[in-house]
Amino acid sequence: MLSAQTTDKAVNKVTPALFSRYPSPGALAEADVAEVAELLRAGGLGMFNQKGKNIVGLSRALVEVHRGEVPRSLDALVELPGVGRKTANVVLGVMWNIPEGVVVDTHVQRLSQRLGLTKEQTPEKIELALCALYPRDRWDALSHLLIFHGRRVCFAIRPACSACKASDLCPNAFRADDVGRKKR
Ligand code: SF4
């Protein structure tokens, strides 16, 4: 939830202070939203007001509805404030190892098109296409792999095709600049 429109690096910078000040859902549920937002702002996160409101609201719902535990189903997770299908699938895959879908972020969206895995454009349809192509026990690893490759090699602008180990297999190798990206 903290990573919307920001980097993991920025999130990782702020979480030690956040978790030290509020070490449990119960503590965060009782927190003052403005104080949490200030802590996020001081740590350099954007959208700090909305994110502060979201994580306090989420913690309250966890305490009130789920006894402070993170639920293990997609339906229950997406009922929580600020949690959409993508976040829910990350939690199910990474935390509980029971993914109910493939996480489709900007990297997965771009790479699945460049690699010719789908021609779909929306995250929902891309997810369905990837789920149909791969067995469930690969879904979590698949999204991590595509995200990692998107961050390190297959950049949105000027992908490093000459350094890419998948270039022999990639239908868009050396001409991928405009594939899988929003129209400029
Ligand atoms: S060959 Fe280029 S476009 Fe294809 S996956 Fe590798 S970096 Fe991306």
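**Entry 1: the largest core.** I looked up the largest nonpolar core and found 14 residues in it. Leu2, Leu18, Tyr22, Val36, Leu40, Leu45 and Ile55 touch the most other members. I then asked which elements give two or more residues to this core. They are α1 (8-21), α3 and α4. The largest share comes from α1, with 4 residues. I note that this is a predicted model.

**Entry 2: Leu45.** I picked Leu45 from that core and listed its contacts, leaving out residues up to four places away in sequence. Leu45 touches Leu2, Thr6, Ala10, Val11, Val14 and Leu40. Apart from the largest core lies another one, of 12 residues. Its members include Val102, Leu111, Leu130 and Cys154. I kept a general point in mind: in soluble globular proteins, nonpolar side chains tend to be buried together.

**Entry 3: α3 against α4.** Next I took the helix pair α3 (residues 33-42) and α4 (residues 48-66). How do their axes cross? They come within 8 Å and cross at roughly 125 degrees. That angle makes α3 oblique to α4. The crossing of α3 past α4 is right-handed.

I listed the residues that meet there. From α3 I have Val33, Val36, Ala37, Leu40 and Arg41. From α4 I have Phe48, Asn49, Lys51, Gly52, Lys53, Ile55 and Val56. By type, the residues of this contact divide into 7 nonpolar, 2 polar and 3 charged. I see Val36, Leu40 and Ile55 both in this contact and among the core residues that touch the most other members.

**Entry 4: α7.** I checked whether helix α7 (residues 106-114) is mostly covered, and 7 of its 9 residues are buried. Which ones? They are His107, Val108, Arg110, Leu111, Ser112, Gln113 and Arg114. What do they pack against? The buried residues of α7 pack against α8 (123-133) and α9 (136-152). Leu111 is one of these buried residues, and I had already noted Leu111 in the 12-residue core.

**Entry 5: positive phi.** Last, I looked at backbone angles. Arg67 is not a glycine, yet its phi is positive, about 55 degrees. Where is Arg67? It lies in the loop between α4 and α5 (74-78). Is Arg67 buried or exposed? Its relative accessibility is 79%, so Arg67 counts as exposed.

Asn97 is another residue other than glycine with a positive phi, near 55 degrees. I found Asn97 in the loop between α6 (85-95) and α7. Asn97 has a relative accessible area of 60% and is exposed.

Note on methods:
Residues are numbered from 1 along each chain as its sequence is written. This is a predicted model: local features need pLDDT of at least 70, side-chain atom pairs count only at pLDDT 80 or more; totals for chains, interfaces and linings use all residues. Side-chain values use heavy atoms; hydrogens and water are left out. Axes are lines fitted to C-alpha atoms, for helices over the stretch in contact, and angles run from 0 to 180 degrees between N-to-C directions. Angles under 35 degrees count as roughly parallel, over 145 as roughly antiparallel, 65 to 115 as roughly perpendicular and the rest as oblique. A crossing is left-handed if the near helix is turned anticlockwise from the far one by less than a right angle, and right-handed if clockwise. Contact means heavy atoms within 4.5 Å. Ala, Val, Leu, Ile, Met, Phe, Trp, Tyr, Cys and Pro count as nonpolar, Asp, Glu, Lys and Arg as charged, and the others, Gly among them, as polar. A nonpolar core is a set of buried Ala, Val, Leu, Ile, Met, Phe, Trp, Tyr and Cys residues joined through side-chain atoms within 4.5 Å. Buried means under 20% relative accessible area, exposed over 50%, partly exposed in between (1.4 Å probe, protein chains only).
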